[in-house]
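Let's walk through this one together, starting from a single residue and working outwards. Have the sequence and the model side by side as you read.

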Amino acid sequence: MGGHRRLVVAAGAGAFTAPVTADGSTAWGPEDLAGGLALWFDADDATTFTLAGTAVSEWVDKSGHLRSASQSTSANRPAQ
């Protein structure tokens with residue numbers, strides 16, 4: 001997945017096991033935080049936006065907790 005951050009996890013300090021990349025760094029993404037993630041809005045994933053024309057009416061939470069953000073007032077919806 002693109003957009004991973006790089007994190008070096010000290011022994012015993014990590015709450016999750018992150019994969020090691022070819023360059024020896026530890027790559028991780030929000031999905032690696034498992035149960036510790038309250039919500040996750042991924043602006044790189046266009047499938048998480050519900051559009052009303054060119055405006056975003058809903059942004060789907062990818063954490064699995066179903067905490068999506070929505071705007072019912074069309075004049076207040078942001079453009080994609």
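Start with D42: its relative accessibility is 8%, which is under the 20% cut-off, so this residue counts as buried. Keep in mind as you look around that this is a predicted model.

So what does D42 pair with in a salt bridge? The partner is K62, and the closest N and O atoms of the two are 2.9 Å apart. Now look at where the two residues sit. D42 is in the loop between β2 (27-28) and β3, while K62 is in the loop between β4 and β5, so their pairing ties together parts that are 20 residues apart in sequence. As for K62 itself, a relative accessibility of 28% makes it partly exposed.

K62 has another acidic partner to look at. Its side chain also meets that of D45 in a salt bridge, with 3.0 Å from N to O. Here too, the pair links distant parts of the chain: D45 belongs to the loop between β2 and β3, K62 to the loop between β4 and β5, and 17 residues separate them. Through their shared partners, the salt bridges join D42, D45 and K62 into one network. A search of the whole structure turns up two salt bridges. As a general point, side chains of opposite charge can pair when their charged atoms come close.

Stay with D45 for a moment. Is it buried or exposed? With a relative accessible area of 19%, D45 is buried, because the cut-off is 20%. If you go by C-alpha atoms rather than side-chain tips, D45 and K62 are separated by 9.8 Å. The side chain of D45 also makes a polar contact with the side chain of T47, at 2.4 Å.

Next, move along to S63. Its place is in the loop between β4 (55-59) and β5 (69-70), and at a relative accessible area of 17% it is buried. Which side chain does the side chain of S63 contact? That would be D61, in a polar contact of 2.8 Å. The S63 side chain also reaches a backbone atom, the oxygen of A38, at 3.4 Å. Leaving aside residues up to four places away in sequence, S63 touches L37, A38, L39 and W40.

With the loops in view, turn to the strands. The protein chain has five strands and zero helices, so to speak a plain β-β-β-β-β run from the N terminus on. Which strands make up the open sheet? There are three of them, in the order β3-β4-β5, with antiparallel pairing. At the edges stand β3 (49-52) and β5, each with a single partner strand, so one side of each is left without a neighbour in the sheet. In general, strands of a sheet pair through backbone hydrogen bonds, either parallel or antiparallel.

Zoom in on β3 and β4, which run antiparallel and are joined by four bridges. You can follow the pairing residue by residue: F49 stands opposite W59 in β4, and A52 has A55 in β4 as its bridge partner. The hairpin of these strands has two residues between them, and there G53 takes a positive phi near 75°.

How far should you trust all of this? The chain averages a pLDDT of 75, and 59% of the residues score at least 70. Among the elements, β4 has the highest mean pLDDT, at 94, and strand β1 (residues 5-6) has the lowest, at 46. Over residues 4-13 the pLDDT is below 50, and this stretch has 19 contacts in the model beyond near neighbours in sequence. Where pLDDT is low, the predicted coordinates should not be read in detail.

Finally, step back to the whole chain. Of its 80 residues, 22% count as buried. Its accessible surface comes to about 5,500 Å², with 55% of that belonging to carbon and sulfur atoms. Among the contacts with a separation of 6 or more, residues 24 or more positions apart account for 27%.

Conventions:
Residues numbered from 1 in each chain as written. Heavy atoms only, no water. Buried < 20%, exposed > 50% of the residue type's maximum accessible area, 1.4 Å probe, protein only. Polar contact = N/O pair within 3.5 Å; in protein donor to acceptor, adjacent residues only side chain to side chain. Contact = heavy atoms within 4.5 Å. Areas by Shrake-Rupley, 256 points an atom, 1.4 Å probe, with all protein chains shown as cover. Pairing = 2+ DSSP bridges. pLDDT = per-residue confidence, 0-100. Salt bridge = Lys/Arg side-chain N within 4 Å of Asp/Glu carboxyl O.
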